[in-house]
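Student: I have a protein model open and would like to learn how to read it. Could you walk me through it, one feature at a time?

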Amino acid sequence: MISPRVEINLAKIEHNTRHLVSLLGAKGIAVTGITKATLGLPEVANAMIAGGVIRLGDSRIENLEALSTGGIQLPLTLLRSPTPEQAERAVACASISQVSELSVVEALAVAAAKRGVIHGLILMIELGDLREGVLPSDALGFAQRLLQTPHVALLGIGTNLACRAGVVPSPDNMQELALLATRLERQLGVHLPIISGGNSANLSWAMALPTGRINDLRLGESILLGCDPLTRVPLEGLHTDAFTLVVSVIESMAKPTKPRGATGQAAFGTPVAMRERGTIMQTIASIGRQDIDPEGLVAPSGVSVLAASSDHLVLETQTAMPPGAEIRFGLDYSALLRAMTSPFVATTFNDALRTCMPPKRKGSPA
């Protein structure tokens, strides 16, 4: 079978989704399934749909387009605000966009008018993590302008935490979002049906405390990898092995552990100091930093990741391995995201003997 490849167990993704949908549903929170780590694969989206998500979301227009052309019928949300130039594509593939700039709203309104539709908007609020969102003090003025703009509809407000600065979702910042929603409704005379409290990092908060007005979470990592992004600790009742990276050996032989000769910068900066440990069995696999985050690999028993260059993964193994032998790794979010994005890593689904190479998305933003 082709390698390197990511093997995806769709049944485990469906199980994780259903488990989280059930837990959060008891708290009055619906789940938006996030597909960005899998490049908008319709197969993964369908597993989430089977598990009970009410909508799907992705940061990349290209991924939403892949979902649309892949036959996905559930409402799609564009998580990362489009640029004004992307407005027509955004309206064409998504029913909702998360926004924080009026010029983007105006461009979306023009695009929606051309298509004869009303495009939904979630106003993003900055609550401390210092990524996207307007300041709470500016939310009323923004919302007033938005309500005056034809062909768009304010469906709610949302926030994003624990992505840039690692700010933890807490009773304080969630209450601030809820109170802001109530205040906007009272001052504007509208109802906001979606109050989106954040992402998988919100799960500890949601499970421990009353959730109040927060009625939507955008879940990707917890569904796909079964762990809490704040701690990377596995979540009870969830599978952590829905994704497996399989790579092939291209060399395996005994080599010294200490470099010979003067050293300087390596391909990716100053290498980690290598202490003298005598001779070890050094095995090289056919994958590298262009395809994965080596720090995010979970090696099997008896295998250790030593280093990686662009195209080689250097391992220590207990015995020599023949070229072509396969080694299976677990993946964290960073390693999964990069592997799924690489055009050199194939994808295999557990429900059928189907293998595909991820397409290169034309026009993808850097």
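Student: Let's start with one residue. Is P259 buried, partly exposed or exposed?

Tutor: The idea is to look at the relative accessible area: under 20% is buried and over 50% is exposed. P259 has 40%, so it is partly exposed. Please keep in mind that this is a predicted model. P259 sits in the loop between strand 10 (243–256) and strand 11 (279–285). You can also use P259 to get a feel for distances: its C-alpha is 52 Å from that of V53, and the two residues are 206 apart in sequence.

Student: How do I read the overall form, and what radius of gyration does the protein have?

Tutor: You compare the radius of gyration with the value for a compact globule of that length. A compact globule of 366 residues would be near 21 Å, and the protein has 23 Å, which agrees. Along the principal axes, its C-alpha atoms fill a box of roughly 75 × 40 × 40 Å. The chain forms ten helices and 17 strands.

Student: How much of the protein is buried?

Tutor: Of the 366 residues, 48% count as buried. As for the surface, about 16,600 Å² is exposed, with carbon and sulfur atoms supplying 55% of that area. For charge, you can compare mean positions: those of the 31 positive and 32 negative charges are 2 Å apart.

Student: And what do contacts tell me about parts of the chain that are distant in sequence?

Tutor: Take the contacts between residues at least 6 apart in sequence; 64% of them join residues at least 24 apart.

Student: What should I expect of nonpolar side chains?

Tutor: In soluble globular proteins, they tend to be buried together. Here, the largest nonpolar core has 92 residues, and those with the most contacts inside it are I8, I13, I157, L224, F243 and L245. Helix 5 (residues 102–115) gives the most to this core, with seven residues. To see one of the core residues in place, select I157: leaving out residues up to four places away in sequence, I157 touches several others, including I122, L177, L192 and S196.

Student: Which residues of helix 3 are buried?

Tutor: In helix 3 (residues 61–69), the buried residues are I61, E62, N63, L64, A66 and L67. They pack against helix 2 (42–51), strand 3 (55–58), strand 4 (76–78) and helix 4 (87–93). Strand 4 holds T77, which counts as buried because its relative accessibility is 4%. Among the residues T77 touches is L64, one of those buried residues of helix 3. Other contacts of T77 include R55, D58 and Q98.

Student: Can a loop residue be buried or exposed, and which is N202?

Tutor: Read the accessibility rather than guessing from the loop. N202 is in the loop between strand 8 (194–198) and helix 8 (203–208), and at 0% relative accessibility N202 counts as buried. Beyond its sequence neighbours up to four places away, N202 touches P169, M174, G197 and L217. A325 is another case, in the loop between strand 14 (313–317) and strand 15 (326–331). With 17% relative accessibility, A325 also counts as buried, and its contacts beyond four places in sequence are V247, S248 and V249.

Student: What about the backbone? Which values deserve a second look?

Tutor: Most residues other than glycine have a negative phi, and most peptide bonds are trans. L130 has a positive phi of about 60 degrees although it is not a glycine. You will find L130 in the loop between strand 6 (119–125) and helix 6 (139–147), and with a relative accessible area of 52% it is exposed. A162 has a positive phi too, near 65 degrees. Its loop runs between strand 7 (152–159) and helix 7 (171–188), and A162 is partly exposed at 24%. G71, just after helix 3, takes a positive phi of about 90 degrees.

Student: And where is there a cis peptide bond?

Tutor: Look at the bond from S3 to P4, which is cis with omega near 0 degrees. P4 is in the segment before strand 1 (5–8).

How values were computed:
Residues numbered from 1 in each chain as written. Predicted model: local features only at pLDDT ≥ 70, side-chain atom pairs only at ≥ 80, totals over all residues. Heavy atoms only, no water. Helix = DSSP H or I, 4+ residues; strand = E, 2+ residues; numbered from the N terminus. Rg over C-alpha atoms; globule rule 2.2 N^0.38 Å. Buried < 20%, exposed > 50% of the residue type's maximum accessible area, 1.4 Å probe, protein only. Contact = heavy atoms within 4.5 Å. Areas by Shrake-Rupley, 256 points an atom, 1.4 Å probe, with all protein chains shown as cover. Lys, Arg positive; Asp, Glu negative; His and termini not counted. Charge placed at Lys NZ, Arg CZ, Asp CG, Glu CD. Core = buried A, V, L, I, M, F, W, Y, C linked by side-chain atoms within 4.5 Å.
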